[in-house]
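Thanks for sharing this one with me. Here are my notes, in the form of numbered points that you can check against the coordinates as you go.

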Amino acid sequence: MKVVIAEKPSVAREIAILLGANEKKEGYLMGNGYQVTWAFGHLVTLAMPEDYGISGFQKEGLPIIPNPFLLTARKIKTNNGYVTDVAALKQLKIIDQLLKKCESIIVATDAGREGELIFRYIYEYLKCNKPFERLWISSLTEKAILKGFDKLKQGKEFDGLYFAAQGRSRADWLVGINASQALTVAVGSGIYSLGRVQTPTLALICKRFLENKAYTIKKYWQIELEHRKDFINFKSLSLTKWDDSKQADHALKFIQRQGMATVTVLEKKTVNEQSPLLFDLTALQKEANIKLNLSAEETLTIAQSLYEKKFISYPRTGSKYIPEDMWGEIPNLIGILEEIDKFREVVPKMKRGRLNKRIVNDLKVTDHHGLLITDKMPSALVAKEKAIYEMIAYRLLEAVSPVCIKAMTDVVLQAVHYDFSLKGCKIIDAGWRFIKGSFIDEDNNPVQDLPELKIGDELKIKEAKVLEKQTKAPVLYTEASLLGAMENAANQIESEQERKALQGIGIGTPATRAAIIETLFKREYIKRDKKFLLPTEKGLKVYEWVKDKKIADVTMTAEWELVLQKIENNEANVGVFQKGMEDYTKTITQEILAFSVEKDKQPELICPRCKIQKLVIRDKLMKCPDENCNWVQFRNICGIQLSFLDLEALITKGKTNLLKGMTSKSGKKFDAYIEMDEKGETTFTFPEKKKSK
């Protein structure tokens with residue numbers, strides 16, 4: 001009997017149907033010589049400090065360096081702490097019984113780092129030593145699964161992948177557990193969380209926020225000219241930027257008096273604008289955030305659903321290319337789209353015999369190829385699934401379309417002694433831009449068509465005006481731009497030598513970046529303001545404490561990611577990596593424990609209800625310690641965190657100062673006071689509106 005282990009029940013059922021294993025059993029399906037079972041994601045995890053008999057959060061006990069690392073059945077958080085997940089334990093026993101009796105094992109967890117780790121941790125935890133084979137597929141279509149079973153690979157071929165996953169898992173444990181406990185001990189109150197990728201990501205957000213906040217916006221003025229020739233209207237803009245509006249007005253009068261501008265520079269060139277590559281996960285998440293306002297986590301969830309419904313290929317990919325042997329399938333996929341209303345007009349106009357092979361590159365295909373639709377016709381999709389599917393489909397059509405050929409013209413005009421510039425762009429062959437009919441340039445400016453010009457031409461100034469402009473502060477991160485910053489972390493490095501060495505290396509992986517961002521939300525370190533990501537008061541506090549420490553260094557984290565890639569490719573040793581992580585953990589733990597955190601002085605306040613007990617103030621709430629009284633006041637009100645001064649005013653004066661920028665359930669901003677009555681009950685009161693005269 002062969003045992004097949006899938007990552008989740010839904011995938012196991014698909015595989016079982018194709019293998020003829022239709023007999024339902026407790027925790028597995030059986031038939032035709034197969035027993036198909038499943039995990040529920042990570043059934044086995046690294047043991048926590050208490051599993052080693054360590055109580056934790058003790059300065060003298062840090063850092064905690066397990067030797068060896070222990071594995072444990074998954075635990076879940078309850079009011080009484082972490083307890084073993086009964087469902088996980090039950091499924092592990094079923095898998096254990098099947099493995100002990102089977103002849104061979106086939107691993108069918110997701111084909112990637114985490115999928116490999118899920119199986120290997122189960123295999124190691126159950127002390128199994130039977131050889132196993134690997135099902136390696138990029139989609140869950142019947143064709144892909146059957147082809148995968150015909151070409152099973154030896155398990156040892158994926159040892160590098162496992163060692164990279166194991167190294168990442170242990171590194172996150174060492175840094176996360178020790179840095180978090182060290183900071184919590186150093187602060188002396190509250191619980192704080194730090195992480196190998198989490199903290200550098202928080203540092204990116206906080207640094208950008210503070211740069212934006214500190215930026216002084218300056219006004220400047222430019223002159224815009226409007227011209228008309230050969231029935232074409234076009235505009236030019238002064239290269240001079242005046243700091244004084246009076247000087248700009250003075251120049252305008254001279255220009256208006258002359259009334260003419262002369263062409264002094266004229267450069268023409270033909271540009272071939274390459275089609276975009278296929279989406280990898282990060283690129284899809286960025287696009288979905290910009291176009292659909294979806295979070296990275298939402299996009300991953302939707303893409304995973306489409307994958308499990310067999311409509312797209314494996315979503316957790318870091319590649320934008322396909323291998324040569326897949327090229328033959330592309331025309332068939334394009335043909336599928338011809339049957340869908342959205343693409344019915346576009347596909348027939350494509351030149352099927354002249355498809356662009358830019359996406360074909362065997363050397364740039366990692367674990368999985370770029371995101372593709374499958375040959376299964378999509379059906380019964382909810383609105384967001386449909387939008388993501390169409391996004392992936394459009395990108396496929398664009399990627400295999402010809403280059404867009406443009407005639408670009410750069411012109412400099414001179415009026416009086418001031419230079420003015422303008423750019424022209426004429427589409428010679430739309431190429432891939434025909435797919436969506438979008439002709440916006442890289443700077444999001446619409447195309448400007450120009451008449452035929454030559455040096456020495458004199459152009460009449462139809463209109464001239466002064467434009468008031470202002471310099472722009474560093475733009476706050478959105479999820480799209482943060483994903484880009486995480487993906488290109490080397491760009492954040494000041495040292496040019498280090499920047500070049502780590503070019504193309506990010507922090508986190510396409511599969512984990514969404515989870516890192518969500519963790520920052522869960523820790524209440526960041527919040528959303530429309531599309532922007534802002535640090536909370538708590539997040540800024542943590543950043544200020546650790547911004548100069550190694551734990552927040554993007555360079556260090558990017559270097560570890562580079563080593564993990566080498567381990568995956570069998571070019572580096574996981575033992576050396578772990579030793580380096582242990583040394584790094586000792587360094588950051590000592591760094592964090594060594595600094596003293598300046599404590600905000602908490603006010604001593606008496607409970608407004610029982611009038612006896614001294615209130616306990618925490619990060620999230622203020623409460624009476626007497627269970628019979630049980631008075632509580634949450635500190636986060638409609639998106640605003642009540643400071644110690646706010647709490648003191650509420651308890652001693654019965655009313656806070658005016659709280660500005662609170663957000664209602666409908667998303668509207670408002671300002672209000674919080675007032676408290678004699679029983680300790682609170683309500684909003686609103687400032688009186690000034691009567692207009």
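The points below start with the whole chain and then turn to sheets, a helix pair, the cysteines and one aspartate.

1. Overall picture. Please keep in mind that this is a predicted model. The protein has 18 helices and 27 strands, and its C-alpha trace spans about 90 × 80 × 50 Å along the principal axes. Of its 693 residues, 49% count as buried. If you look at contacts between residues at least 6 apart in sequence, 70% of them join residues at least 24 apart.

2. The barrel. Six strands close into a barrel, and their order is β12-β13-β16-β15-β14-β17. The pairing is antiparallel. On average, neighbouring strands of this sheet are turned by 35° against each other, with direction ignored.

3. One pairing within the barrel. Strand β14 covers residues 260-273 and strand β17 covers residues 458-470. The two pair in the antiparallel sense over three bridges. If you would like a place to start looking, Ala261 stands opposite Leu459 in β17.

4. The open sheet. Three strands form an open sheet in the order β20-β21-β22, again with antiparallel pairing. Which strands stand at the edges? They are β20 (616-617) and β22 (632-634), each with a single partner strand, so one side of each has no neighbour in the sheet. Strand β21 (residues 621-623) pairs with β22 over three bridges in the antiparallel sense, and here Lys623 stands opposite Val632 in β22.

5. A helix pair. Helix α5 (residues 159-187) and helix α16 (residues 554-568) have axes that come within 7 Å and cross at roughly 150°. An angle over 145 degrees counts as roughly antiparallel, and α5 and α16 are therefore roughly antiparallel to each other. On the α5 side, the contact is made by Gly160, Leu161, Phe163, Ala164, Gly167 and Arg168; α16 brings in Leu564, Ile567 and Glu568. Sorted by class, the contact of α5 with α16 has five nonpolar, two polar and two charged residues.

6. Cysteines. How many disulfides does the model have? The count comes to zero. A disulfide is a covalent bond between the sulfur atoms of two cysteines, and the cut-off used here is a sulfur pair within 2.5 Å. For Cys404, the closest cysteine sulfur is in Cys425, at 7.3 Å, which is too far for a bond. Cys404 counts as buried because its relative accessibility is 0%. Cys638, in turn, is partly exposed, with a relative accessible area of 29%.

7. Asp419. Where does Asp419 sit? It is in strand β16 (residues 418-429), and β16 is one of the barrel strands. Is Asp419 buried, exposed or partly exposed? Its relative accessible area is 30%, so Asp419 is partly exposed. Leaving aside neighbours within four places in sequence, Asp419 is in contact with Leu237, Ser238, Leu239 and Thr240, and also with Val412, Leu413 and Gln414.

8. A distance to try in your viewer. Take Asp419 again, this time together with Phe686. The two residues are 267 apart in sequence, and their C-alpha atoms are 55 Å apart in space.

Conventions
Residues numbered from 1 in each chain as written. Predicted model: local features only at pLDDT ≥ 70, side-chain atom pairs only at ≥ 80, totals over all residues. Heavy atoms only, no water. Helix = DSSP H or I, 4+ residues; strand = E, 2+ residues; numbered from the N terminus. Buried < 20%, exposed > 50% of the residue type's maximum accessible area, 1.4 Å probe, protein only. Contact = heavy atoms within 4.5 Å. Axes fitted to C-alpha atoms, helices over the stretch in contact; angles between N-to-C directions. Parallel < 35°, antiparallel > 145°, perpendicular 65-115°, else oblique. Nonpolar A, V, L, I, M, F, W, Y, C, P; charged D, E, K, R; others polar. Pairing = 2+ DSSP bridges.
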